[in-house]
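Welcome to this guided tour. Keep your viewer open and follow along, one selection at a time.

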Amino acid sequence: MRVAVIGGAGYIGSHTAKALARAGHEPVVVDNLSTGHREAVRWGPLHQVDIRDRAALNAAFHAIRPEAVMHFAALAYVGDSMRDPFAYYDTNLAGTLSLLEAMQAADCSRIVFSSSCATYGVPDRLPITEASPQHPTNPYGETKLACERLLHWAGQAHGLRWMALRYFNAAGADPEGEIGETHEPEPHLIPLALRAAAGTGAALKVMGTDYPTPDGTALRDYVHVSDLAAAHVLALEHLVAGSASRAVNLGTGTPHSVLGVIRTVEAVTGQAVPHEMADRRPGDPPELWADASLARSLLGWSPRYPSLDQMVETAWAWAAKTR
Ligand code: NAD
């Protein structure tokens, strides 16, 4: 299938473009390169378009004629969203609306959407299932939830078929070393810990040491980016098979604390991770980890790289290449 990969020059989108090509599909990337990288677009053409530019997006869709869409393009940083909510509503919600309209005009009715565990807020029970209440604690999570609701109503009104994949924390890099995570500035814990270990970045800030968790630092569920990519291909096949639209969690179901991640990075790299304790970051829930059993039963998804060691090893190999 010809699949428009919106945000396909970014971290998760580029890994998914590779997985699509490997599965025999034809990825075509649409990206404004705001946080993505031209050199990460290696498995199909690039249309450099901002999704909020309706005329340009319609023209791109007219040229591409996609049979399905995967939508990764977003602003995706919790802390940033607390400071600038308008920008998040603009790119994430208005951008998604513009995309759905372009799809409708191009007669394309299947979409796999990048949602997030941030839609759950502070969970009342762990692990988090798809039926857990969704009460986001930051504008980023709010915009992702609003997009999920928009997909639902577009399905009701216009027959849109959708899958919202609620990722937990993406980590690692392509095990073949072709692509990886390169964000500037980098907000994510594992790459920051690797930079601190390599001496190419500042001491790592451990944000919050008084959470009600065993070691006082926040617990998160890390999932390998290539496993996320594989899940997208399965979700596409699920839609093509005519199955119902719905949201699905993607995580490994294993929580790791910030201090636990630091220990793993130290073990993998053989280097100390200089770190300092800091205050909690506003908007961050204490713990988030997934019940991902629906992804297994519905999509047949099973993570190939479930251990944190594998995620850190592949990220370290990528960091060594790009240093
Ligand atoms: P990323 O920043 O690496 O990729 C996003 C891509 O979208 C970039 O290539 C960027 O240039 C592009 N983009 C942004 N705004 C655009 C616009 N207006 N028009 C066209 N292109 C635009 O981010 P990522 O980490 O790969 O995340 C991908 C998606 O997954 C996002 O929607 C994010 O919210 C979601 N997500 C990520 C994580 C994670 O741990 N990284 C977790 C949960 C959900």
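Start by selecting helices H4 and H5: H4 passes H5 in a right-handed crossing (right-handed if the near helix is turned clockwise from the far one by less than a right angle, left-handed if anticlockwise). Before going further, note that this is a predicted model, in which local features need pLDDT of at least 70, side-chain atom pairs count only at pLDDT 80 or more, and totals for chains, interfaces and linings use all residues. Residues are numbered from 1 along each chain as its sequence is written, and side-chain values use heavy atoms, with hydrogens and water left out.

**Stop 1: the H4 and H5 pair**

H4 covers residues 85–105 and H5 covers residues 139–158; their axes come within 9 Å and cross at roughly 20°. That angle makes H4 roughly parallel to H5 (angles under 35 degrees count as roughly parallel). The axes are lines fitted to C-alpha atoms over the stretch in contact, with angles running from 0 to 180 degrees between N-to-C directions. Helices here are DSSP runs of H or I with at least four residues, and strands are runs of E with at least two, numbered from the N terminus.

Now show side chains. On H4, the residues meeting H5 include Tyr-88, Leu-93 and Leu-97, while those on H5 include Ala-146, Cys-147 and Leu-150 (contact means heavy atoms within 4.5 Å). By class, this contact has 13 nonpolar, five polar and one charged residues.

**Stop 2: the cysteines**

How many disulfides does a search of the whole structure find? The search finds zero (a disulfide is a pair of cysteine sulfur atoms within 2.5 Å). Select Cys-108: the closest cysteine sulfur, in Cys-147, is 17 Å from its own, too far for a bond. Cys-108 is buried, at 5% relative accessible area (buried means under 20%, exposed over 50%, partly exposed in between, with a 1.4 Å probe and protein chains only). Next, pick Cys-117, whose sulfur is 15 Å from that of Cys-147, again too far for a bond.

**Stop 3: helix H6**

Select residues 189–198. Seven of the 10 residues of H6 are buried, so this helix is largely enclosed by the rest of the structure. Among the buried ones are Leu-189, Ile-190 and Leu-194. Show strands E7, E8 and E9 with helices H8 and H10 to see what the buried residues pack against. Just after H6 comes Gly-199, with a positive phi near 80°.

**Stop 4: Ala-295**

Finish in helix H9 (residues 293–299), where you will find Ala-295. Ala-295 is buried, at 0% relative accessibility. Its C-alpha is 6.1 Å from that of Val-248, 47 residues apart along the chain.

Methods. Parallel < 35°, antiparallel > 145°, perpendicular 65-115°, else oblique. Nonpolar A, V, L, I, M, F, W, Y, C, P; charged D, E, K, R; others polar.
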